[in-house]
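User: Please take a close look at one part of this model, the packing of its helices and what they rest on. Give the cut-offs behind each term as you go.

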Amino acid sequence: MSRSSRRSFLHKLAWGSAAMACGVELLGRQPDVLPEWLSRRRSFSANDHIQIAVIGAGGMGIADVTTALSIPGVQIVAACDLYDGRLAQARQRWGKDLFVTRDYREILARSEIDAVIVATPDFWHKKIAVEALAAGKAVYCEKPMVYAVDEGAAIIAAQQQSGKVFQVGSQGMSSLGNEKAKELYEAGAIGQLNYAEGFWARNSPLGAWQYPIPEDASPETVDWDRYLSITMQRPWDPLRFFRWRNYRDYGTGVSGDLFVHLFSSLHYITSSKGPRKIVATGGLRYWKDGREVPDVLLGIFDYPECTTHPGFNLSLRVNFVDGTSGNTFLRLVGNEGAMDVTWNDVFLYKNISVDPLDDAFFQQKISEGGTPVAPRARMLPPKKMHYQAEPHYKGAHYDHFVNFFHSMRTGNPVIEDALFGYRAAAPALLCNNSYFEERIIRWDPEELVVVH
Ligand SMILES: NC(=O)c1ccc[n+]([C@@H]2O[C@H](COP(=O)([O-])OP(=O)(O)OC[C@H]3O[C@@H](n4cnc5c(N)ncnc54)[C@H](O)[C@@H]3O)[C@@H](O)[C@H]2O)c1
């Protein structure tokens, strides 16, 4: 066994065990074959479908339900939203018999509902998720799992106490791209990880959260009082309802919205628990529409050495005024190569060292001739490999819901539980603390506490 293949084998062994210890479960994919998980070990509703409801039937709620319904054996029976237009739209999409309400507690009280999708603005996630678990529902909670760092423990405890399935909606986690990257990383394809970086770039009003305000938006069509019932009271303001991401009372800024995806993928690929040092800077450079959060944000993170990876540095950025636009990637850099990872692709770059002193032929010529000669040209392995999902791949979002329903049917662990979701959300949220307080934040990813 050569040195590098032995190392690769040892990596596989060590990292494979680490992945198993973390309860990581990978779904074998055969897109055109009836999935194995459809063989049912327990029944759900009378017709043996999993019956779901959505709480927060806006942009992502609709996307989540649409994806969930594309999986055999799933039905939607109820929707909750605080804007009547969304409820009317839900009935148009999913049938006039759909139960609709402004009060999510009416959804949780309905025994025929097996699972809820929580796709409200971030500041409502914890309360609804905890109550849904206590009511015996499986929960698919959109990212970021929590709005504030001190909310994580409550969801972790609620998941443990209820024994119900709880999965966070960072769909990239379940993607073919992330799986391949994890496999390559664990096989030692890039050597020792020392640096990672990721970014999201956008350059449009919609991309920068300037969503349209419906013409009929008013305190009559929107349940404004209920919306604010867990935060500071304010006079009716449609911008604060429909463009909630721009305001710190309701959203978590670009880091909570987008860094969190990069943390989820990075932690999944490297089986990491998170960074110990967090610094963020940035500014509001262009979208000066009254928003309270930056549109350009840079984050720098220190990951401590642990059993699953060496110590390394991470740099993340979001730019909503990026002239090149439309790009996102996650890059992992090691001493033997690097990987660019998206949900559908992995580009693996190998660092091929051509050191003449290693070359036996060259050594021999030197000793025979006594005169240095140029090394003979050699056959080199590929420097760059592109792994690409097949064209009929249904995508990360589909796979993430397959994993969720699979766990509900089999009792197997989910791919992104509350503990994992919290470890991805916390450093993203702490970027906001660092940015607004202009200081370095220290985080203990084992104990899940801010270190003072
Ligand atoms: N996984 C992803 O890629 C992804 C993408 C987009 C959004 N998200 C997440 O999904 C969530 C929703 O984002 P969005 O873009 O769909 O926002 P959105 O504004 O389009 O939808 C949110 C909906 O929630 C409703 N709502 C607000 N408070 C509510 C409450 N207490 N009860 C019931 N309904 C309530 C609003 O009326 C609105 O229709 C956010 O947490 C966001 O971070 C995830």
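Analyst: **Helix packing and the sheet beneath**

The axes of α10 and α13 come within 8 Å of each other and cross at roughly 145°. Here axes are lines fitted to C-alpha atoms, for helices over the stretch in contact, and angles run from 0 to 180 degrees between N-to-C directions. The model is predicted: local features need pLDDT of at least 70 and side-chain atom pairs count only at pLDDT 80 or more, while totals for chains, interfaces and linings use all residues. Residues are numbered from 1 along each chain as its sequence is written. Helices (H or I, at least four residues) and strands (E, at least two) are DSSP runs numbered from the N terminus.

α10 passes α13 in a right-handed crossing (the near helix is turned clockwise from the far one by less than a right angle; anticlockwise would be left-handed). On the α10 side the contact (C-beta atoms, placed from the backbone, within 7 Å) uses Gly-253, Ser-255, Gly-256, Phe-259, Val-260, Phe-263, Ser-264 and His-267. They meet Arg-423, Ala-424, Ala-425, Pro-427, Ala-428, Leu-429, Cys-431 and Asn-432 in α13. By class, the contact of α10 with α13 has nine nonpolar, six polar and one charged residues (Ala, Val, Leu, Ile, Met, Phe, Trp, Tyr, Cys and Pro are nonpolar, Asp, Glu, Lys and Arg charged, and the others, Gly among them, polar).

Helix α10 (residues 253–270) also packs with α7; their axes come within 8 Å and cross at roughly 40°. That angle makes α7 oblique to α10 (under 35 degrees is roughly parallel, over 145 roughly antiparallel, 65 to 115 roughly perpendicular, and the rest oblique). The crossing of α7 past α10 is right-handed. From α7, Asn-178, Ala-181, Lys-182 and Tyr-185 take part, and from α10, Ser-265, Tyr-268, Ile-269 and Thr-270. The contact of α7 with α10 divides into four nonpolar, three polar and one charged residues.

Next comes the sheet. It is open, with ten strands in the order β14-β13-β12-β11-β7-β10-β9-β8-β15-β16 and mixed pairing (two strands pair if DSSP finds at least two bridges between them). β14 (384–388) and β16 (449–451) stand at the edges with a single partner strand each, so one side of each has no neighbour in the sheet. From one strand to the next, the twist averages 20°. Strands β11 (residues 328–334) and β12 (residues 337–341) run antiparallel and are joined by four bridges. Leu-332 stands opposite Met-339 in β12.

Helix α7 (residues 176–186) packs on this sheet, where it touches β11, β12, β13 (345–350) and β14. The direction of α7 makes about 25° with that of β13. Helix α13 (residues 418–437) lies across β8 (277–283), β9 (296–303) and β15 (441–444) and runs at about 60° to β8.

To put the part in context, the model has another open sheet, of six strands, ordered β3-β2-β1-β4-β5-β6 with parallel pairing. Its edges are β3 (99–101) and β6 (166–168), each with a single partner strand, so one side of each is left without a neighbour in the sheet. Within it, β1 (residues 50–55) and β2 (residues 74–80) pair in the parallel sense over six bridges. The bridge partner of Ile-50 in β2 is Val-74.

Definitions and conventions: Two residues are in contact if their C-beta atoms, placed from the backbone, lie within 7 Å.
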